[in-house]
Amino acid sequence: MTFTRKTISAGFTLIELLVVISIIALLIGILLPALGSAREASRGAVCLSNMRQMGIAVYAYALDYEDRLPDIGLYHDGRATSQGAWLFALADYVDTDLLYRCPSDESEFWKTPVPGTNPPRNRLVSYATNNMLTQNYAGFSKGAAGNPYTKLSNIPKPSETIYTVELTETGSFAGADHVHPESWFLLSPEQINQIETEQHAGQSNYLFIDGHAARYAFVDTFFVGSDFSNPKVNFYAPVTIPINFD
């Protein structure tokens, strides 16, 4: 007579199960931050692409309008002149409205009106242009000619002059289409509330007049230091600005 031994599988013990669960939890803890970083890197890349496309649109606009940059029309005090806003002026030069929103922009004002806007309006764009390159800025004006630096060919350092920034998601400037770098000289970086300075991993994207877009820490684009009349770094002013605080 032949006897056959049956093998009985005991399965996992409780300790083995706990070890497996612990390993899975550890792997998730390691992978999630990496996935989050990859997702934000992707969003930042889309934002940079948006800015580059906007740069192309600005140049196309300038070709049609005697070398001039589009002007502004959405103000931080709530006023709006849509006819002059670059947001609408460039509408014929871009393929999709999605170019106007950064994927990392989670402002509540996309869904609700920005406080103080008249008539009430929601946030329309993630980006803002440099007021020093508009007719709204009188600091460079030369009589009836206005600001000469609204023309591309008059800007002496296009690769070192910022045209577009990432607009703050909160406050009155969340509904504007431009920022005021000329008002930043007496402020520390922490006090400048017009732009998102850390939208992408502690930095933000910037579009320059020559059409290139790049990511910088804010202090690498604007840093006054101790001498208010001579900023150490200023990528917003097309030329040196004499400042008198008397």
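This report describes the sheet, the salt bridges, the cavity and some local backbone features of one protein model. The model is a predicted one, and every value below was computed from its atoms.

**Sheet**

Five strands make up an open sheet of mixed pairing, and their order across the sheet is S3-S1-S2-S4-S5. At its edges stand S3 (178–179) and S5 (213–216), each of which pairs on one side only. Within this arrangement S1 and S2, the latter spanning residues 162–166, run antiparallel and are joined by three bridges; Tyr127, for its part, has Glu166 in S2 as its bridge partner.

The loop between S1 and S2 holds Asn131, whose side chain makes a polar contact of 3.3 Å with the side chain of His180. Asn131 has a relative accessible area of 1% and is therefore buried, given that the cut-off for this class is under 20%.

**Salt bridges**

The structure contains two salt bridges, and they are set side by side here.

| Pair | Closest N to O distance |
|---|---|
| Asp77 and Arg79 | 2.8 Å |
| Asp105 and Arg123 | 2.9 Å |

In the Asp105 and Arg123 pair, the side chains meet at 2.9 Å, N to O. Asp105 and Arg123 both lie in the loop between helix H2 (86–89) and strand S1 (127–130), so their salt bridge ties together parts that are 18 residues apart in sequence. Asp105 is buried, as is Arg123. The partners of the other salt bridge belong to another class of accessibility: Asp77 is partly exposed, with a relative accessible area of 45%, and Arg79, at 47%, also counts as partly exposed.

**Cavity**

Where is space left inside the model, and which residues line the largest cavity? The count comes to one cavity of 30 Å³ or more, and the volume of the largest cavity is about 40 Å³. Its lining is formed by Gly55, Val58, Tyr59, Tyr163, Leu207, Phe208, Ile209 and Gly211. Helix H1 (14–64) and strand S4 (204–208) are the elements that give two or more residues to this lining, and H1 gives the most, with three residues. Sorted by class, the lining of the largest cavity has six nonpolar residues, two polar residues and no charged ones.

**Local backbone features**

The peptide bond that leads from Asn118 to Pro119 is cis, with omega near -5°, and Pro119 is placed in the loop between H2 and S1.

Two residues other than glycine are described here for their positive phi. Glu66, which is not a glycine, has a positive phi of about 55°; it is found in the loop between H1 and H2, and its relative accessibility of 66% means that Glu66 counts as exposed. Ala201, likewise not a glycine, has a positive phi of about 50°. The position of Ala201 is in the loop between S3 and S4, and at 72% relative accessibility Ala201 counts as exposed.

Lys232 belongs to the loop between strand S6 (222–223) and strand S7 (233–234). With a relative accessible area of 60%, Lys232 is exposed, because the cut-off for this class is over 50%. From Lys232 to Asp220 the separation is 12 residues in sequence and 9.6 Å in space, taken from C-alpha to C-alpha.

Notes: Residues are numbered from 1 along each chain as its sequence is written. This is a predicted model: local features need pLDDT of at least 70, side-chain atom pairs count only at pLDDT 80 or more; totals for chains, interfaces and linings use all residues. Side-chain values use heavy atoms; hydrogens and water are left out. A salt bridge is a side-chain nitrogen of Lys or Arg within 4 Å of a carboxyl oxygen of Asp or Glu. Buried means under 20% relative accessible area, exposed over 50%, partly exposed in between (1.4 Å probe, protein chains only). Helices (H or I, at least four residues) and strands (E, at least two) are DSSP runs, numbered from the N terminus. On a 1 Å grid over the protein atoms alone, a cavity is a set of points where a 1.4 Å probe fits but cannot get out, and a pocket is an open set with protein on both sides within 12 Å along at least five of seven lines; lining residues have an atom within 4 Å of a point. Grid points are joined across faces, edges and corners, and a volume is the space filled by probe spheres set on the points. Ala, Val, Leu, Ile, Met, Phe, Trp, Tyr, Cys and Pro count as nonpolar, Asp, Glu, Lys and Arg as charged, and the others, Gly among them, as polar. Two strands pair if DSSP finds at least two bridges between them. A polar contact is a pair of N or O atoms within 3.5 Å; within protein, one must be able to donate a hydrogen and the other to accept it, and residues adjacent in sequence count only if both atoms are side-chain atoms.
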